[in-house]
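Visitor: Good morning. Could you take me through this structure?

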Amino acid sequence: MISKILPFHKKLKFIHGLFLVIIALTLLPFVIEESFGRSWLRIFDYTLIYVLLALGLNIVVGFAGLLDLGYIAFFAVGAYSWAILASPQFDIHLSFLVILPISFFIAGFFGVLLGAPTLRLRGDYLAIVTLGFGEIIRIFLNNLDHPVNVTNGPVGINMIDPVMIGTFSFNNKIVIFGIQLTNLHFYYYLLVICVILVIIICQRLENSSIGRAWVAIREDEVAAEAMGINTRNVKLLAFAMGASFGGVSGAIFSSFQGFVSPESFILIESIMVLCMVVLGGMGHIYGVVLGAFILVILPEIIRSVAAPIQESIFGVVLIDPESLRMILFGLALILVMLYRPTGLWNKKNV
Amino acid sequence: MDIFFQQIINGLVIGSVYALVALGYTMVYGILGIINFAHGEVVMIGAMIALSIILFLFQFDIPIYLSLALVFFGAIIFCSLLAFCIEKVAYKPLRNAPRLAPLITAIGVSILLQNIAMLIWGRQYYSFPQIFNNDTYQIFGIANITTIQIIIILISLVTMFFLFYFINKTQYGMAMRATSEDKNAAKLMGIEINNVISITFIVGASLAAVAGILIAANYGIAHYSMGFMLGLKAFTAAVLGGIGNIVGAVIGGLLLGLIESLGAGYIEKLTFGFMGSNYQDVIAFLVLVLVLVIKPNGLVGEKSSTKV
């Protein structure tokens with residue numbers, strides 16, 4: 001953050017840097033599209049959704065030290081909020097400016113709902129309960145198609161509205177200076193703005209009294225309580241905050257993809273987001289962003305490379321890319337915990 | 001009342017398997033204070049290994065009891081080795097690390113085992129071969145019980161008996177109890193803590209192997225992802241009875257089995273047709289949350305506990 005104490009030339013330098021970053025971020029989608037193709041731009045958009053998720057989970061796991069294994073449930077809540085409020089399912093079509101806050105609060109409410117009874121539990125119990133909660137949400141999404149059809153069951157909800165600004169839909173295509181802008185670009189910009197906002201919020205939180213209280217609880221709950229921190233409320237706040245961010249990214253995910261089904265919210269997704277946080281370094285904001293990028297993009301590379309390589313060496317595909325991905329996840333969790341518990345990107349002041 | 005007694009029988013059968021798995025959780029928790037998240041996958045590996053051994057032995061003309069003994073023996077040995085290695089690789093280096101660290105490696109091990117199993121055995125559901133004629137008997141004309149169900153209950157009882165004998169009467173058992181009571185004091189008394197921990201994992205894995213075979217025989221199906229849900233439910237059972245307490249694990253397992261099968265039988269009536277038996281898995285989690293909120297120490301309270 002730019003501070004008032006900075007001398008003028010440093011301020012200038014900061015503003016220069018800011019400009020460069022903004023220009024780079026603006027041009028990035030075109031560079032990706034030109035050099036790698038449209039499909040990679042789509043992957044990049046998904047990566048940004050995961051970055052949002054990982055940043056949200058980082059508040060819960062990284063800052064406050066509460067292991068949440070059902071985080072994807074909040075993502076699901078956000079996604080279904082959007083799907084129900086902006087699709088032909090109930091023929092409701094609200095604007096995204098209305099739905100984003102709604103999904104923010106609904107997911108946050110679910111966070112409190114889960115957190116309130118469970119947060120006095122010890123860490124590992126909490127992990128299992130959150131895991132169970134994640135499964136419960138998924139089972140409900142899967143079965144709430146009768147007696148009243150709310151979620152459309154295993155099939156999921158289709159034809160979800162895209163983000164609309166005024167009368168402009170994100171699914172439109174426009175051409176500026178001979179460059180075609182598509183939904184991938186629009187969502188990219190929306191997501192980048194969200195990610196930057198969330199990073200700023202996280203950084204401000206980290207240095208606030210709440211953030212310090214979270215770290216205190218993570219390091220030693222009893223000592224934190226003795227210092228006068230209301231551990232229950234502060235933990236609940238971490239839970240609700242993380243859940244709300246998950247809800248927002250879920251909502252964007254749902255509009256970006258155009259359909260949602262319970263299959264997107266299985267346990268493995270929770271674990272993948274957890275991997276991102278662990279790999280990047282729990283509590284380290286930029287590390288977590290890096291972790292998300294590694295864990296989304298690397299498997300995509302593996303997917304395109306693993307099968308041909310195996311074919312050329314062994315003549316057959318021994319390990320299909322999907323299980324290879326999962327095996328690498330598992331190994332990554334173990335190895336990072338054993339050899340680099342602070343994550344790949346070491347943070348200095350911890 | 002028509003299905004009441006039948007559901008009780010089913011509940012006891014499935015509950016005794018939960019109890020076997022829950023014992024593994026509770027013993028490790030008692031000694032190390034960590035949740036061995038990979039335990040459910042050990043159960044699955046036990047079932048899959050047993051399946052492979054059975055399919056292999058079927059090619060030869062071996063007497064049925066001998067092959068059955070070989071199946072149990074093979075599965076137990078393999079699972080014990082596996083659990084021994086898991087402990088050495090994933091838990092031992094983290095014994096003094098923050099509490100979250102071993103839990104995260106455990107999740108890693110769990111994913112790893114599940115996917116390796118998928119590579120070895122594939123994605124298909126195997127029908128678990130029936131070794132015995134599965135006759136059905138009537139009990140007082142109100143409920144049915146099959147041969148396999150009887151065998152499951154008997155084997156569970158025998159296994160639990162051996163476990164209690166091992167823990168209460170043998171020297172190793174005494175060392176385990178001492179370690180769970182106070183690790184440092186036990187060390188000072190000349191107990192090799194590392195050996196005790198290894199033995200705990202091996203015993204837990206042996207129980208898991210037996211449970212894996214029984215559950216696969218009960219449902220007649222073995223699958224690479226069967227361990228996950230089972231592990232969660234067994235953990236719930238361990239918490240229900242009071243984690244760290246072996247009597248509690250048995251009680252919790254049986255109780256959870258009963259709650260689950262009665263719940264699945266009556267949920268439709270209780271919710272006026274709103275929820276069907278496809279919500280069965282929710283029941284275990286609700287029990288877990290309720291126990292943790294109302295009575296976190298479990299049913300068998302800490303004070304009268306024989307912690308292992």
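Guide: We shall discuss chain A, its contact with chain B, and a hairpin in chain B. Please note that this is a predicted model.

Visitor: How many helices and strands are there in chain A?

Guide: Chain A contains twelve helices and six strands.

Visitor: And what does chain A span along its principal axes?

Guide: The C-alpha trace of chain A spans about 65 × 60 × 55 Å. Its radius of gyration is 21 Å, which agrees with the value near 20 Å that a compact globule of 350 residues would have.

Visitor: What share of those residues is buried?

Guide: In chain A, 46% of the 350 residues count as buried. Of the contacts in chain A with a separation of 6 or more, 74% are between residues 24 or more positions apart.

Visitor: Now the contact between the chains. How many residues does each chain give?

Guide: Chain A gives 31 residues and chain B gives 35 residues.

Visitor: Which elements of chain A give two or more residues?

Guide: They are α4 (96-118), α5 (123-143), α10 (267-280) and α12 (321-339) of chain A. The largest share, eleven residues, comes from α5(A).

Visitor: What classes of residue are on that side of chain A?

Guide: There are 22 nonpolar, seven polar and two charged residues on the side of chain A that touches chain B.

Visitor: Let us turn to chain B. In which sense do β2(B) and β3(B) pair?

Guide: Strand β2 (residues 136-139) and strand β3 (residues 143-146) of chain B are antiparallel, with four bridges. Thr136(B) stands opposite Thr146(B) in β3(B).

Visitor: What lies between the two strands?

Guide: Three residues lie between β2(B) and β3(B), which form a hairpin. In the turn, Phe140(B) has a positive phi of about 50°.

Methods:
Residues are numbered from 1 along each chain as its sequence is written. Chains are lettered from A and ligands numbered from 1 in the order in which they are written. This is a predicted model: local features need pLDDT of at least 70, side-chain atom pairs count only at pLDDT 80 or more; totals for chains, interfaces and linings use all residues. Two residues are in contact if their C-beta atoms, placed from the backbone, lie within 7 Å. Ala, Val, Leu, Ile, Met, Phe, Trp, Tyr, Cys and Pro count as nonpolar, Asp, Glu, Lys and Arg as charged, and the others, Gly among them, as polar. Two strands pair if DSSP finds at least two bridges between them. The radius of gyration is taken over C-alpha atoms; the globule rule is 2.2 Å times the number of residues to the power 0.38. A residue is buried if 20 or more other C-beta atoms lie within 10 Å of its own, exposed if 12 or fewer, and partly exposed in between; C-beta atoms are placed from the backbone.
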